[in-house]
Amino acid sequence: SVSIATIQITEENASIPEILSTGSRILLSIEGLGGNRFELYDPSAGERADAELDNAWKERLLKALKDDEFTLRFQPIINLTQQEDAESYDLLIRLQATDGETVSPDQFLPIAESHNLMVDIDLWVVKHAIAILAERKLKEINTQLFVKISPDTMQDSSLVKLIQSEFGSNKLEGQSLIFQIPESKIITRLKGIQQFKLAMQPLGVRLSLTQFGTSVDSLNMLSHFDADFINIDRSFIEDLDKNTEHQAKVR
């Protein structure tokens, strides 16, 4: 297959870095759509060209939901304390491409969010996560899955109903499912997420606060939101051996 991005050069974009950047962005996008496409970018009609590409992505995501074209990947979480016998995994969503490769969520989730498709995608992930937990329970493999989810989905009543139904029919314990939400997303939706946490408590489902430490007063956040797990933002960890300020904050 072949993917071609053609860019008209005018006074509006007569800059080599800008032309190359636009070409790379368009190629990345059309490859995510499955490739074998031709896109012509006219700077004077940039918004219209972007809208056409955006709409093509929307149709691609709707098709993926309908035809089960998402796939899941599992990143092991290593427990250094060895206090639990459960296998733990970070659940990661990918979109299948026509060439057998997968598309990163960085490419399609922002588009899904702009078209109000995040709830549908999150429900797809949660339903499949519970099915995986049920399958591993039958094999007597104690498993925990950490699942990223959007705040909008947490405040959607269909999520609670799905979890209650699937957990009941599969006779699962809620401790095996942990939802992850970025600290930055909680601030503006605190009340709704607190209510979701209360709804999950009878089932035993837990919540993890990710990207912790990135807001103005992260520690104060814990007085408003009782997280079961805290995932310290990677920016504090990458240079932890050299940065004394980060060492103090992590402590």
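A residue is called buried here when its relative accessible area is under 20%, and that cut-off is the one to keep in mind while following this predicted model from one of its strands outward.

The strand in question is S7, which spans residues 177-182 and is mostly covered, with six of its six residues buried. The burial concerns both faces of the strand: Leu-177, Phe-179 and Ile-181 are buried on one side, and Ile-178, Gln-180 and Pro-182 are buried on the other. S7 also has strand partners that can be traced in the structure. Strand S6, residues 143-148, is joined to S7 by four bridges, and the two run parallel; within this pairing, Leu-145 has Leu-177 of S7 as its bridge partner. Strand S8, residues 206-212, is joined to S7 by five bridges, again in a parallel arrangement, and here Pro-182 stands opposite Thr-210 of S8.

Thr-210 deserves a closer look, as it links the description of S7 to that of S8. The residue belongs to strand S8, and because its relative accessible area is 10%, which falls under the 20% cut-off, Thr-210 counts as buried. Once its neighbours within four places in sequence are set aside, Thr-210 is in contact with Gln-180, Ile-181, Pro-182, Glu-183 and Asn-231. One of these contacts, Glu-183, is 27 residues away from Thr-210 along the chain, yet the C-alpha atoms of the two are separated by 5.8 Å.

From the strands we can turn to a pair of helices. Two packed helices are described by the angle between their axes and the distance between the axes. For helix H6, residues 157-170, and helix H8, residues 190-200, the axes come within 11 Å and cross at roughly 15°. Because angles under 35 degrees count as roughly parallel, H6 is roughly parallel to H8. The crossing of these two helices is right-handed. Where they meet, H6 contributes Leu-159, Val-160 and Ile-163, while H8 contributes Phe-196, Ala-199 and Met-200. Sorted by character, the residues of this contact comprise six nonpolar, no polar and no charged ones.

Another helix, H2, provides a further example of a buried residue, in this case a charged one. Arg-60 lies in H2 and counts as buried because its relative accessible area is 11%. Not counting residues up to four places away in sequence, Arg-60 touches Gly-32, Leu-33, Glu-69, Leu-95 and Gln-96.

Two loop residues remain, and their backbone angles call for a word of background. Most residues other than glycine have a negative phi. Asp-68, by contrast, has a positive phi of about 60° although it is not a glycine; this residue lies in the loop between helix H2, residues 46-67, and strand S3, residues 70-77. With a relative accessibility of 43%, Asp-68 counts as partly exposed. Asn-116 likewise has a positive phi, near 60°, in a residue other than glycine, and is found in the loop between helix H3, residues 105-114, and helix H4, residues 118-138. Its relative accessibility is 67%, so Asn-116 counts as exposed, since that class begins over 50%.

Note on methods
Residues numbered from 1 in each chain as written. Predicted model: local features only at pLDDT ≥ 70, side-chain atom pairs only at ≥ 80, totals over all residues. Heavy atoms only, no water. Axes fitted to C-alpha atoms, helices over the stretch in contact; angles between N-to-C directions. Parallel < 35°, antiparallel > 145°, perpendicular 65-115°, else oblique. Left-handed = near helix turned anticlockwise from the far one by under 90°. Contact = heavy atoms within 4.5 Å. Buried < 20%, exposed > 50% of the residue type's maximum accessible area, 1.4 Å probe, protein only. Pairing = 2+ DSSP bridges.
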